Amino acid sequence: MSKESFKYFARNHSELADYIINGKTNWQKLYELYEIYGENSPVWNKYFPAANQKEEITSIPDLINTIKNVDLDSVQKGITNIQKTIGLLQEIGIGNKVTTPIYEPRPLFRYFED
């Protein structure tokens, strides 16, 4: 799915702009939903319930069709970004306990020991 197809989708559903104007969401979030779920997903019922009154998933084939609509590349990119963020936070020390003992000499004074 491309940005152009999302723009076309957003133009056809002007009620999405109302959510942006009211500060309930932003275009980035809507675009990510579009990339992950596509335009025929029940996720959009929250934004335009009158237009997409669908029955809930009641059978296995319906569930399989819903899973088929998930863009796995976008999901994988999201997971990769989360993993990179966690790695970066661990590198700078957030989330790790300091395990250096208090009695260990500082590097400057190691030369004067003995």
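**Notebook: rings, helices and surface of a predicted model**

Entry 1, the aromatic rings. I began with the rings and noted that F6, F9, Y19, W27, Y31, Y34, W44 and Y47 are linked by ring pairs into a cluster. I keep in mind that the model I am reading is a predicted one. Searching the structure for aromatic pairs, I found 7 of them. I then looked closely at F9 and Y34, whose ring centres are 5.1 Å apart and whose planes stand at 35°, so I wrote this pair down as tilted. The label follows because planes under 30 degrees apart would count as stacked and those over 60 as edge-to-face. F9 belongs to helix α1 (residues 3-12) and Y34 to helix α3 (residues 27-37), so the pair ties together parts of the chain that are 25 residues apart in sequence. Are these two residues buried or exposed? I looked up both, and F9 and Y34 are each buried.

Entry 2, the overall layout. I counted the secondary structure of the protein and arrived at 5 helices and 0 strands, which in sequence order read α-α-α-α-α. Of the 114 residues in the protein, 17% are buried. I also looked at contacts between residues at least 6 apart in sequence, and 53% of these join residues at least 24 apart. The accessible surface comes to about 9600 Å², and carbon and sulfur atoms account for 57% of that area.

Entry 3, the start of helix α1. I searched the whole structure for salt bridges and found 1. K7 forms a salt bridge with E4, with the closest N and O atoms 3.7 Å apart. Both K7 and E4 lie in helix α1, and they are 3 residues apart, which is about one turn of the helix. I checked how much of each can be reached from outside: K7 has a relative accessible area of 40% and is partly exposed, whereas E4, at 51%, is exposed. The cut-off matters here, because exposed means over 50%. K3 is also found in helix α1, and its relative accessibility of 57% makes it exposed. Measuring along the chain, K3 and Y31 are 28 residues apart, yet I found their C-alpha atoms separated by 8.0 Å.

Entry 4, a residue in a loop. I moved on to T25, which sits in the loop between α2 (15-21) and α3. Its relative accessible area is 12%, so T25 counts as buried. Which residues is T25 in contact with, leaving aside its neighbours within four places in sequence? I listed Y19, I20, L30 and Y47 as the contacts of T25, and I noticed that Y19 and Y47 are also among the members of the ring cluster.

Entry 5, a nonpolar patch. On the surface I found a nonpolar patch formed by I60, L63, I64 and I67, which together have about 380 Å² of accessible area. From this patch I picked out I64, which lies in helix α4 (residues 60-68). I64 is partly exposed, with a relative accessible area of 40%.

Entry 6, helix α5. Finally I followed helix α5 (residues 72-91), which has 20 residues and reaches 28 Å from its first C-alpha to its last, close to the 28 Å expected at 1.5 Å a residue. Just after α5 I came to G93, which takes a positive phi of about 100°.

Note on methods:
Residues numbered from 1 in each chain as written. Predicted model: local features only at pLDDT ≥ 70, side-chain atom pairs only at ≥ 80, totals over all residues. Heavy atoms only, no water. Phe/Tyr/Trp six-rings, centres within 6.5 Å; stacked < 30°, edge-to-face > 60°. Helix = DSSP H or I, 4+ residues; strand = E, 2+ residues; numbered from the N terminus. Buried < 20%, exposed > 50% of the residue type's maximum accessible area, 1.4 Å probe, protein only. Patch = residues over 30% accessible without salt bridge, like charges linked within 9 Å, V, L, I, M, F, W, Y side chains within 5 Å. Areas by Shrake-Rupley, 256 points an atom, 1.4 Å probe, with all protein chains shown as cover. Salt bridge = Lys/Arg side-chain N within 4 Å of Asp/Glu carboxyl O. Expected span 1.5 Å × (residues − 1). Contact = heavy atoms within 4.5 Å.
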